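Work through two short exercises on the model shown here. Each task is followed by a stepwise solution.

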Amino acid sequence: MTGALLGIDIRGREGVRLRDVWAGGPRSYLGLAVAGFPNLFTITGPGSPSVLSNMMVSIEQHVDWVADCLEYLQERGLGVIEATAEEEEGWVQHADEVANGTLFPLAKSWYTGANIAGKPFGFMPYVGGVGAYRAICDDVASKGYAGFKMK
């Protein structure tokens, strides 16, 4: 779930590397954005239902959400959007709480990174359900992209 993103030298504010920020495991807000990385959207990234869903449908939902977000920014003359660290932390905690209500985090599988030696162990997809996840994303958008700072 992180290999493609970590295979690129993605850098955020002050040149911070995504692979360094995620050295202890991936963190995101909604599986869509990472605090400290303005204008970076991670389609079906860690923290989204991604691999626990019909990927094509989830990709389409993410792309539509991002396109609507970009339109929102353009209409307001804004050019930068970034997840806040507080909302990212809240989302990570929520995703962990939901996952810990299942057996998924106990399995040594690629869902937890156990298939790669040295990779931090942790359940990466959002297991709360696609319907609930979409409702959360829609709510964030309806509130002017709550949890994001923009300029």
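Contact means heavy atoms within 4.5 Å. The model is predicted: local features need pLDDT of at least 70, side-chain atom pairs count only at pLDDT 80 or more, and totals for chains, interfaces and linings use all residues. Residues are numbered from 1 along each chain as its sequence is written, and side-chain values use heavy atoms, without hydrogens and water.

**Exercise 1.** Place Y145 and list what Y145 is in contact with, leaving aside neighbours within four places in sequence.

Step 1. Locate the residue. Y145 sits in the loop between α5 (130-142) and β2 (148-150). Helices (H or I, at least four residues) and strands (E, at least two) are DSSP runs, numbered from the N terminus.

Step 2. Check exposure. Y145 has a relative accessible area of 5%. Buried means under 20%, exposed over 50%, partly exposed in between (1.4 Å probe, protein chains only). So Y145 is buried.

Step 3. List the partners. They are W65, D68, C69, Y72, V140 and M150.

Step 4. Look at C69. Its backbone nitrogen lies 3.2 Å from a polar atom of the Y145 side chain.

**Exercise 2.** Which residues lie nearest the centre of the largest pocket, and which element gives the most to its lining?

Step 1. Take the residues. The lining has 27 residues, and G25, P26, R27, G122 and M124 lie nearest the centre.

Step 2. Take the elements. α1 (3-6) and α4 (85-99) each give two or more residues to this lining. α4 gives the most, with five.

Terms used. Polar contact = N/O pair within 3.5 Å; in protein donor to acceptor, adjacent residues only side chain to side chain. 1 Å grid on protein atoms, 1.4 Å probe; cavity = no way out; pocket = protein on both sides within 12 Å on 5 of 7 lines; lining within 4 Å.
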